[in-house]
Structures are given as C-alpha cells and as structure tokens.
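Please work through the exercises below with the sequence and the structure at hand. Attempt each task before reading its solution.

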Amino acid sequence: MVQFLLNRAARSWRCPVLEVCGAILLIVSPAWAAQKNKKADKKASVQASVPDLLLEGGRKLVYERNFGWERDVKPKKGFWARVVDVVAGPPEYHTLMRPYSVVTDSRGRIIVTDPDAAGIHIFDFAQQKYKFLSRQEKGKNSLFSPQCVAVDAKDNIYVTDSESGRIFVFDANGKYDRMIGALKFGEGIFKRPTGIAIDSVANRIYVTDTLRNKIYVMDMQGSVVQTIGKPGAGEGEFNFPTELRLDGNELLVVDAMNFRVQVLDKSGNFQYAIGKIGDTSGAMFRPKGIALDSEGDLYVVDGLWGAIQVFNHKGELLYYFGGRGTAAGKFQLPTGLFIDRSDRIYVADSLNRRVQIYRYWGLPKQAAGGAQ
Amino acid sequence: MLAAAVRMPAQVTVGNDVSMNMNGQISVGYTGDYGNQIPSDHGITAGGNATLTGSYYTPSFLSFQVSPYYNQSRDNSTSSSISDSSGVLGNVSLFSGGNYPGSISFSKNYDSVGTFDVPGLPNYTTHGNSQGFNVGWGVIVPDWPQLTLNYGQGTNDYSIYGTDTNGTSDYHNFNAHAVYRVDGFNLNAGYFYNQNHSQYPLFLQTQQLESLDNDGNSYSFGASHDLPFHGTLGANFNRSSFTSDFSDGRYTGTVDTVNSNANFHPTGQLTLGADFNYTDNLIGTLYQSIISAGGILQQSTPGQSSNSWDASGLASYILTKHWTFTGTFEHRDQSYFGSSFGSNSLTGSANYWNRFLGGSLSTVLSVTRLTEDTTNQSAIGLLTVVNYSRRIMLWDVSGSGNYFQNTQTLLVGYTTSGWGYSGQLGRKFGAVRWNANAGGSRSLLNTAAGYGYNSQNFGTGFNIRWLGFNGTYAKSSGTGLLGVNGVVTSPLAGQSPLPTELILYGGHAYGGGIGLNPYKRLTITFSYSRAFSDTVSNSVGSQNNSENVFGRVQYQFRQMFLNAGYSRFVQGFSASGTAPAQLNSFYVGVQRWFNFF
C-alpha cells in the first residue's frame, strides 16, 4: 500500500512581490497588464506533480488535475479578451463554494452541485465553456440546497434539493425543465431527498430520503412506483441512507449511520453489504460518495479521514489514497465521488473548494497503449 | 484588472512587516453645469477615490486607513452632483491589542455638502470646507485605574444655497476619564474641556452674522458599591463652568450637581429604589441644555441665584409575565427668578403585554397626581402608550399611539401635553408588495399657549420584481430655537423664562421616487422632492422653498459602470433678499473600480 507524496498545489501559490510589481505595471500600462495576465495564465495552468500510486499487477492510479472556478475551463485568453479585461476588469468568475456531488455526462462535461452557491456548476473543458444553473422562485420552488446529481441517457440533469424536498430537472442545455416531488397544496413527497440515480433503460428514478430511511423508485414523470427499505440495521434496512449508485442490476446505497454500503438489486432485494464501523483502514466512519471502476471495485469516500478507500466485491480493502490536507491529492471533507467510463475519478473536495481528478489505469487500458 | 490574475483581493507586503491593500475607483466623463450661482461650463471631468488600508507588524500593533477622494460628491459619486467635493480621510490605530491603545484620525473636505436642519421637513442644503483632527489614548493595565484621553479640534466654513452669507465654526475639546475598582468600590473621575466659536448667518431674518463663543470645562467624580439584596449604592458630583459670549451679551455660570441613588432587588420580581439630586444653579442647567443643542442666548443675563433638589422613591413589581406595576413618589424644591417652588408627585403605572386577537399587544398606563406647594393646586398627569401588531389575512398591520398630559418638565410650574401615533400597513397583491405608513406627534407647553410643535408624515410605496416606487408627504409647524446647525424644537421655550429668540416655523414637503432594474446590471432611478416653509423670526417673515430633481441611469459591465445622470436643485429664502439658487447638472461618463493591490 502506497500513500501519495503530494506537493503543494501551484495554483494556491502567490508571490507578493510579483503581485506588487504587477499592480504597478497594470496601472501604468494596459499592455504590461496584458503581459501580467499572460504570466498568470501560465501560472494557473500549472498543476501539481503528485506521484503515481503503483498497484498490484502493473495497475496504477494517476493524479491528473484539480479545478475550482470558472476560469479553469479556459485558462488562456486571447488578445482581445485580455484587452477587455484591462479596460473593464475581469469578469466575475463563478467559484466552487462547497462542492458536494459530481457527475459527468456523455459529452464529458463535469457537473458539480454546490449547496452554498445554491446552484450547479457545469464545466465543459473540451468546449472551454462554463455554465451555472440556479432557480430562484417564490416558496419552495427555488433551488435552495442542491445535494446529489445524476444524468440520464439524454444528458438531462437531475438534482436533489434537501431543503425544498424537490428534485429539479434541467435539460442538457441547462434550461429548467420540471420539478419532481411536489404535491398539491405545497406538500412534497420527500422529507430530505439526497442520493439519486437514473435508470434510463427502465425509465426509473431512484431517490434516497435520508430522514424517512427509504428509497423511492419513481417513473420519469415523478410518480412513485415503489419504495425500498425501512428504518433499522438489518438487511435492506437503513439508518440515514444518503448516496446512491446504479451499476448494471445492482443498486448501491450508502447506509451512513449503519456505517456500510448495501448492495441491492433493482427491485430492492438485499444482495450483500460492505463495511463496518471503526477508525482503522477498511472500516467506515463517515461514508459519503461511492463509485465503481471498470473492474468493479468499489470506491468509498470517508469524509472524516479525507480518504478514498477501495474495496473488492468481497469487501476486502485493496488500497486507499488521499488524506487530510490542502495540498493537491489531499482532501478536506471530501463528499461526492464519480468514476466515468474512462476510469477518471472525480472527487468533490468540499472544504478545499475544488474537484480533484485521478485516473485509474487498469491492465486492459495499459495494454492498449494508454500509458501516461 | 489585477483581479484577472488573482481571485481574492491581493495584499502587498513591503519588507517583512508592512501589509497593505488598496482599492478605489476612477471616473471620467462629460459634465455640464449651469445655474444662477455658478458659472455655466461644460467639458471633460475626472474624479476618483481610493481606500488604502494596512498594518505594520500586526493589525493589533499598528493599523491604518487613508481614503482620498477627488472631484466628486460623497453623497453621489457616480453621477452628476451639486458639489464636486475633494478631500481625504484617515485614521491610525496603535497597540489596539495591548495595554496602551491609541488612535489618531484626521479629515479634510473641500466643497462638501452639508445640511441645515428644519424639524419635520427636508433639511436645507449647505456647502463648504471642513477639517478635523482627533487623537485618543488609553491606559488599560490590570489592577490599575483605566484611563482614556481624547483631544479633538476642527474647523468648518460654509454657505447656504440661496443666501449670500457664510458661516464659520471651529472647536477644540479635550476629555479625560478614569475608572477604578478597589475593595468593592467602583470609582470614576472625569474632566472635559470644550471651546467653540461660531459665526452663522441669521438668514431667516436678516443678513447679519450672529457670533457665539462658548468656553466650558467640567469635573466629575463618582463612586458606587454593591449592597445586599442585589443592590447598589452610588453617588456622583459634577462641577461645570461655562462662558457664552454672543453678539448682544455674555453669560457666565458654574453649576454644581450632586446625585446619589440606591437600588435593591430583594426578589426577582421586586425592585426598590431611591434617588436624590441637587443643583446649585438650575437656570444654568437650562441654559447649558440650550447651548449644547446649538441654540444661543440672545440677551445678557445677570447672575441669578437658583437651586433645586429633588428626592424620589420607586417600587416596581413583576406580577406575572404579562403585568408589571410601578409606583413612584417624588418631591421637588426649586428656587429661581427670586421665587421658590415646590411640588409633590405620586405616580402609579402598569405595563401589560400579551397576545391579543392573534397579534401582539403592549400597553403602558401611568397616572400622576401632581401638587404644587406654593399654589396648593393639583393636577392629574396621564401617560398612555399602546402598541399592537398582527397579520390579518394577507395584511401586515402594526400601529402605536401615545397620549401624555401634564408631564413635568425640568422646571416646576411648566408641564407639557401632547400625543403621537404611527401606523404601518402592507400586503402582497400577487407579485406586487405594497406598503403605507403614517405618523404624527404634537407637543404643547401648557403654561404658555402657542409654544410647541407638531408634525405629520405619510408615505406609500410598492415594488414588483424590477420596479419600485415610493411617495411621501410631510407637514410640520412649531416654535424652536435658531442655532448653529438649524432650527431645534423646544417646547420649553418662550421669552420667559428663556432669554433666547424663538423662531416660528411651518411648512410642508412632498416627494417621490421610482427605481427600475429591468435587466440584471441596468439600474434606472429618478426622484423628485419639493419643500415649502414659512418662518417668522424677530418679526421678520420668510418664505422658503427647495426643490430637488435627480435622475440616473447606470449599466454595469464587469468592474466598469456606464453612467448618465441629471440633477436640478433649487433653494431660496425670501428674507435673504437674494434670488433662489438654481443649480443644474448633467453627466455622461465611465466609472471603473480597481483593486489596485
């Protein structure tokens, strides 16, 4: 088991002397100011060098990058953009305030919920575009505290709001589409919806209601077709369930205060569970986000220890990475976790106000020539 | 623009110990001014302001802030203004985290806008220059007396739009205060010195300048000690000497006052108290209150002997969480203008609070039997206060009212009566939020009919998502004192017993405003107000009026603001013999905010 040796993130480094000189230059000459911006762009684009985590059988885990604000999608600016920056000032970039959950869609866009910003950030690094989604309406129709996020096959975005007790649906372009969970006279189905998963094949939405200790299964229009679970510590019972993840026919549920991850089938039948309470490696103390890689290994975020533990199907700990800290590769209250089809691992590093990205290189990919 | 490179306000560190931040804004635009009291001109103008903050070593060791501004009104720095003021403000704090904290502050303002107050109506506008300097120091050492020292001085010169006269004033003051706790005694001592000189125009009656020189100092000592039954016993002595020189004479006086009090709380519900006060110069106390309010004494007052003492006792009991009852007895003995006066008052009051008809109700009812020893006449004094608020259907309703009768003033033989009310109403009509309010008050001096004041005001407004509107109407009248800063209401006024000139005033004002925010970064505001008043002072009447029109359009693009504005200002006084001042201004320009470092 190897722990990362991490360097300090370059983007958090500032040289006060350079900034003073920069300020003077900017005041005196817009051209010099543009030059300063160029240097800053280069500085911002530098990512820390974090040693690879070498695993059994030639597998490895590679730290790729982190990002925390709108500016990261387009770190380099053109001449005219810099001229406008000098004349009118830089735009007000959106910043991750407290990223909670993360997911990617079919276009590779990274979607991050942010309860403190009361909205959703969409980072499109391929197109160098950014979008911020929010909804301010009267009563409980506003998006107050977005928690978990999921996308369907058409890249529609589904967001749970634990405060209003609603699920907000935006289309792939970010336009508000509908709200799920509201009943007549202002009542709602959910007490505190958190985790969400979409089954686009069966047209089902799975939502955990943490305070009701249940999982609601709904059709795409929001009608409840089934509920799963009840309060308790037995098989198929929950004590404050939070995150959900759908993998094939398996439904993985973070059973937070039972300190385990339960695996059910899509009908709600208990299959097996992983995890136990404890403060040692292999145990779970504050399980948060979960995800599965291409080899079926389960990644579980532990918020308290700031680490991600990786288990096999038998519940055996394979390795872990991270640790508490502010440097690249370290976490402060990590929450959401997502692994895309190319085994990129996205971790919402909430108190460090960033998302960190790793990539898992399994044997098939390396054999295909995907080395770094 | 530096913010393009850094996400947070940057901080500059000079060497190892000095840290500084600086931000500000610069504006450039085309301005045109025209009117009858300024030369008409137009052209490109530039202005700006900045704020530099920093510290040396740590903020608790030395911190500072300097804020210069140039060619802009502090009230309206982003658009046209009637005064393009410039100046600088600054302050330094030393050892704020230590035993010897200190501070130094200064200010210098050129062509800044000020006000000349009129009770119940919009204030008149002045403009002029001012500067001030203040230094303070403290000694806070554990187990030693805590000492604070302050010195301040400043000057001001101004003129009132619509007159051709100017006023000036300057002041110096120093105060020292010490507190010390030893053997269960809380001791305090203080010294205060004040000197000010003013020359201000009597523009509501003549064009003469009134001159006023005040010079005074005072000493005070006090001590208190805890007593059984959660009680305290305290006593204070104060000697205040002052001299007031004015155009027609001079007043010099010394006032000694002694106060002692005792309070007990034998149970959580019961409070008992007693209070004793003595002064050897009652009239001097009255004159000092006039001077400190900005009034003047317009007649020479020969030295007169006067004194006063009073003793009172109080018992208060909290019967339930809704009811509190209080009883008070007070005896006063006064001697002034060669006569002696005495009075006894017995007061019973009840406070009640409860939920009532779905709202919150609080009331006070107080009844006083007031008996004068010399005339043996009795009067019933009354005080009632009612406050109520609740939500009725979709309406938010709240209101309050009070009535008082034969309320004792500082002098035995002079009582006041009056009433007041206020009310607010609001509700939502779909997306529209509407509100309205009204208020008024009236106070009369019982023994001198015609002396008093009353005022009423009414307002309403509504706002939708991107549109807001408000309108107001006010009227006011009464008697007051014309002083350095304006007209000061004083129901206790008259040729007797006060040797000061009264001013009778009355007027009304109305205005309205509208604000639009049709797009996220576009703001449009417009306001209009007009005020009329009539004054009579020293048998000279004056009809006064003012008018303000103001409009502005602002669009924000990043840290840049595109502004366009128009303002019109009119102010006139018929007694001044000059034409009303008219100032018009328009402005189109760009303003940019910078976070320099």
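The exercises that follow concern a predicted model, and each is solved step by step.

**Exercise 1. Confidence**

Determine how confident the predictor is in chain A and chain B, and where pLDDT stays under 50.

Step 1. Begin with the averages. Chain A averages a pLDDT of 85, and 83% of its residues score at least 70. For chain B the mean is 88, with 92% of the residues reaching 70 or more.

Step 2. Locate the weak stretches. In chain A, pLDDT stays under 50 over residues 1–46 and again over residues 367–372. In chain B, residues 1–9 stay under 50.

Step 3. Turn to the elements of chain B. Confidence there is lowest in strand S1 (residues 12–14), at a mean of 71, and highest in strand S14 (residues 270–279), at 97.

Step 4. Draw the consequence. Where pLDDT is low, the predicted coordinates should not be read in detail.

Step 5. Note the scores of the model as a whole: ipTM is 0.70 and pTM is 0.77.

**Exercise 2. A hairpin in chain A**

Describe how strand S25 of chain A pairs with strand S26 of chain A, and explain why S25(A) counts as largely enclosed.

Step 1. Establish the pairing. S25(A) and S26(A), the latter covering residues 344–349, run antiparallel and are joined by four bridges. One pair can be named: A:Leu337 has A:Val347 as its bridge partner in S26(A).

Step 2. Examine the turn. Four residues lie between the two strands of this hairpin, and A:Asp343 in the turn has a positive phi of about 65°.

Step 3. Consider burial, for which a residue needs 20 or more other C-beta atoms within 10 Å of its own. Six of the six residues of S25(A), which spans residues 334–339, are buried, so the strand is largely enclosed by the rest of the structure.

**Exercise 3. An open sheet**

Give the order of the strands S21, S22, S23 and S24 of chain A in their open sheet, and identify the edge strands.

Step 1. The order is S21-S22-S23-S24, with antiparallel pairing.

Step 2. The edge strands are S21 (287–292) and S24 (317–322) of chain A, because each pairs on one side only. From one strand to the next, the twist averages 20°.

Step 3. Look at one pairing in detail. Strand S22 (residues 298–302) and strand S23 (residues 307–311) of chain A are joined by five bridges. Within this pairing, A:Leu298 stands opposite A:Phe311 in S23(A).

**Exercise 4. One side of a helix**

Find which residues of helix H3 (residues 79–88) of chain A are buried, and decide how they are placed around the axis.

Step 1. The buried residues are A:Arg82, A:Asp85 and A:Val86.

Step 2. These residues cover an arc of only 95° around the axis, which puts them on the same side of H3(A).

Step 3. Just after the helix, A:Gly89 takes a positive phi of about 90°.

**Exercise 5. Nonpolar cores**

State which residues have the most contacts inside the largest nonpolar core.

Step 1. Recall the general tendency: in soluble globular proteins, nonpolar side chains tend to be buried together.

Step 2. The largest core has 73 residues, and A:Ile111 and A:Ile196 have the most contacts inside it.

Step 3. Leaving aside residues up to four places away in sequence, A:Ile196 touches several residues, among them A:Cys148, A:Tyr158, A:Ile205 and A:Leu244.

Step 4. A second, separate core of 29 residues includes B:Leu121, B:Tyr287, B:Ile291 and B:Ile503.

Conventions
Residues numbered from 1 in each chain as written. Chains lettered and ligands numbered in written order. Predicted model: local features only at pLDDT ≥ 70, side-chain atom pairs only at ≥ 80, totals over all residues. Buried ≥ 20, exposed ≤ 12 C-beta atoms within 10 Å, placed from the backbone. Axes fitted to C-alpha atoms, helices over the stretch in contact; angles between N-to-C directions. Arc of directions from axis to C-beta. Core = buried A, V, L, I, M, F, W, Y, C linked by C-beta atoms within 7 Å. Contact = placed C-beta atoms within 7 Å. pLDDT = per-residue confidence, 0-100.
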